[in-house]
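Here's a quick walk through one model, going from the overall fold to a few surface details. Have a look at it first, then read on.

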Amino acid sequence: LNWDHKEQVKPHESQTDHAKGFGGRYGVQKDRVDKSAAGFNQMEAPTSSYEKTTPVEAASSGAGSLKARFENIAKASEEENKKRADDERAKRQAREKREREQAQKQKEIEQEEEPAEEPEPRPSVPLPAAKPRRISKELPQPPPVVERS
């Protein structure tokens with residue numbers, strides 16, 4: 001190194017051209033492009049895949065048919081309630097019939113068991129009737145109080 005030598009100062013990062021070296025201008029070098037890569041100029045505008053839907057009920061019915069539909073729903077629910085009540089009534093009647101049959105069988109079994117026991121012999125002469133008892137007795141009166149003076 002001598003006095004004639006001048007050192008070149010490297011420019012700051014903000015002063016360097018980054019278009020060189022890593023992909024060319026704007027990051028793309030024509031000779032080093034990936035074959036499956038697409039450039040910015042090949043992209044299409046984004047499209048929406050949203051489709052507005054309309055409810056089937058609202059699209060197919062007007063005010064009159066809406067009223068008819070609610071009436072049909074009410075009729076169907078009434079019929080369903082009536083059917084349910086009939087089923088419950090039939091079940092209750094069957095249960096009561098079973099209970100009656102079981103009670104009848106129980107009575108028959110008890111009646112069959114009673115004759116098996118020997119009944120007590122009854123005397124041919126009637127027993128004298130017991131005298132009726134007096135329920136209320138006269139309470140003894142307390143002695144009269146004598147006043148001392």
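One cut-off before anything else: a residue is buried under 20% relative accessible area, exposed over 50%, and partly exposed in between. With 39%, Arg89 is therefore partly exposed. Keep in mind that this is a predicted model.

## The overall picture

What does the secondary structure come to? The protein chain has two helices and zero strands. Helix H2 takes in residues 63–116, and the features picked out below have residues in helix H2.

As for burial, 3% of the chain's 149 residues count as buried. The chain's accessible surface adds up to about 16900 Å², and carbon and sulfur atoms account for 53% of that area.

## Two salt bridges in helix H2

How many salt bridges does a search of the whole structure find? There are two. One joins the side chains of Glu80 and Arg84, with an N to O distance of 2.9 Å. These two residues sit four apart in helix H2, about one turn of the helix. Glu80 has a relative accessible area of 48%, so Glu80 is partly exposed. Arg84 is partly exposed too, at 44%.

The other pairs Arg89 with Asp86, and here the closest N and O atoms are 2.8 Å apart. Both residues are again in helix H2, this time three residues apart, which is also about one turn of the helix. Asp86 comes in at 38% relative accessible area, so Asp86 is partly exposed, and its partner Arg89 is partly exposed at 39%.

## A nonpolar patch

Which residues form a nonpolar patch on the surface? Leu66, Phe70 and Ile73 do, and together they have about 300 Å² of accessible area. Phe70 belongs to helix H2. Its relative accessible area is 55%, so Phe70 counts as exposed.

## A negative patch

Five glutamates, Glu108, Glu110, Glu112, Glu113 and Glu114, make up a negative patch on the surface. Glu112 is placed in helix H2. Is Glu112 buried or exposed? At 61% relative accessibility, Glu112 is exposed.

## Pulling it together

Helix H2 holds both salt-bridge pairs, Glu80 with Arg84 and Arg89 with Asp86. Helix H2 also carries Phe70 from the nonpolar patch and Glu112 from the negative one. The four salt-bridge residues are partly exposed, whereas Phe70 and Glu112 are exposed.

Note on methods. Residues are numbered from 1 along each chain as its sequence is written. This is a predicted model: local features need pLDDT of at least 70, side-chain atom pairs count only at pLDDT 80 or more; totals for chains, interfaces and linings use all residues. Side-chain values use heavy atoms; hydrogens and water are left out. Patches are made of residues with over 30% relative accessible area and no salt bridge: like charges are joined within 9 Å, nonpolar side chains (Val, Leu, Ile, Met, Phe, Trp, Tyr) within 5 Å. Accessible areas come from the Shrake-Rupley method with a 1.4 Å probe; for residues, only the protein chains shown count as cover. A salt bridge is a side-chain nitrogen of Lys or Arg within 4 Å of a carboxyl oxygen of Asp or Glu. Buried means under 20% relative accessible area, exposed over 50%, partly exposed in between (1.4 Å probe, protein chains only). Lys and Arg count as positive and Asp and Glu as negative; His and the chain ends are not counted. The place of a charge is taken as NZ of Lys, CZ of Arg, CG of Asp or CD of Glu.
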